[in-house]
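Thank you all for coming; today I would like to walk you slowly through one protein chain, beginning with the rule for a kind of pairing and ending with the chain as a whole. Please take a moment to look at the sequence and the structure before I go on.

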Amino acid sequence: MPIRSMRGALKALVLVAIFFAGVWSQSSGVIDDFIWYLPDVQYLAVQHIWLTLMSGSLAILVAIPLGIVLSRPSMARVAESLMQILNVGTTIPTLAVLALSMSFLGIGTVPAVFGLFVATLLPITRNTYAGLKGVNPALMEAAAGIGMSPMQRLFKVELPNALYVIFAGMRTALTINVGTVPLAFLIGAGGLGELIFTGIDLYDPVMMLSGAIPTALLAIVVDALIATIAFLVVPRGVNPGRA
């Protein structure tokens, strides 16, 4: 009973805080300032989403096949060494990766997509590799015992059992990608980083938040979207969310 009353009091306190925050925002003109930046937010959000889609899609298309190849028994000796090469994209600060890609590819969308692709590659590859290596050996023996070929075992046994781990890597990688895209503005690729960094330079908190808040919301939406797809796609037997 006391716990319920505390929860009720906390909810009431939050609602009162939201109410007073709304009143303050309206009286101070902050909401009008945010509305003034709305056209810029809409235009730059499209660029932001496009950069995320391009770099994230390329990372998925490369990382999953790469993780599959590295998980094969014939690659056991060199898999971890090759994984450390991919780790460079995560170890080096993303801004440095973007600067290096700008040095070779110029300014604009192409170096930004390449830099974001490199930074997104490792989590998906690592989770694909770990998910496939973590499949129960008894299932593999049973599949081989009924005459399945290596390719059949991969698509009918290994990948379905590894999907949950693979999607976890995709959620992590793409959510980080959305939060990293603002840096692409620094090499001329646009995105919501234009509002964030310009707001910082001009000491304009409203401009900065007009870029930062949509970026945070986009990251939450991407995470929720991939979680929903994983919930629907991953088989019930290996999906803790549907157990």
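Let me begin with a definition, since the next part depends on it: we speak of a salt bridge when a side-chain nitrogen of Lys or Arg comes within 4 Å of a carboxyl oxygen of Asp or Glu. Please also keep in mind that what you see is a predicted model.

With that rule in hand, consider Arg-126 and Glu-80, whose closest N and O atoms are 3.3 Å apart, so the pair falls within the 4 Å limit and is a salt bridge. This pair links distant parts of the chain, as Arg-126 sits in helix α7, residues 109–133, while Glu-80 belongs to helix α4, and the two are 46 residues apart. As for the surroundings, Arg-126 is partly exposed at a relative accessible area of 28%, and Glu-80 is also partly exposed, at 37%.

How many salt bridges does the rule give in total? The count comes to three, and I will take the other pairs in turn.

In one of them, the side chains of Glu-158 and Arg-72 meet with an N to O distance of 2.9 Å. Glu-158 lies in helix α9, residues 150–180, whereas Arg-72 is in the loop between α3 and α4, so this salt bridge ties together parts that are 86 residues apart in sequence. Are these two residues buried or partly exposed? Glu-158 is buried, with a relative accessible area of 7%, while Arg-72 counts as partly exposed at 21%.

Then there is Asp-223, which forms a salt bridge with Arg-171, the closest N and O atoms being 2.9 Å apart. Asp-223 lies in helix α11, residues 205–233, and Arg-171 in helix α9, so here the pair ties together parts that are 52 residues apart in sequence. Asp-223 is partly exposed, with a relative accessible area of 24%, and Arg-171 is partly exposed as well, at 30%.

Let me now step back to the whole chain. It has 11 helices and zero strands. Of the contacts with a separation of 6 or more, 72% are between residues 24 or more positions apart.

Finally, a word on burial and surface: of the 243 residues in the protein chain, 35% are buried. The chain exposes about 14000 Å², and carbon and sulfur atoms supply 73% of that area.

Technical notes:
Residues are numbered from 1 along each chain as its sequence is written. This is a predicted model: local features need pLDDT of at least 70, side-chain atom pairs count only at pLDDT 80 or more; totals for chains, interfaces and linings use all residues. Side-chain values use heavy atoms; hydrogens and water are left out. Helices (H or I, at least four residues) and strands (E, at least two) are DSSP runs, numbered from the N terminus. Buried means under 20% relative accessible area, exposed over 50%, partly exposed in between (1.4 Å probe, protein chains only). Contact means heavy atoms within 4.5 Å. Accessible areas come from the Shrake-Rupley method with a 1.4 Å probe; for residues, only the protein chains shown count as cover.
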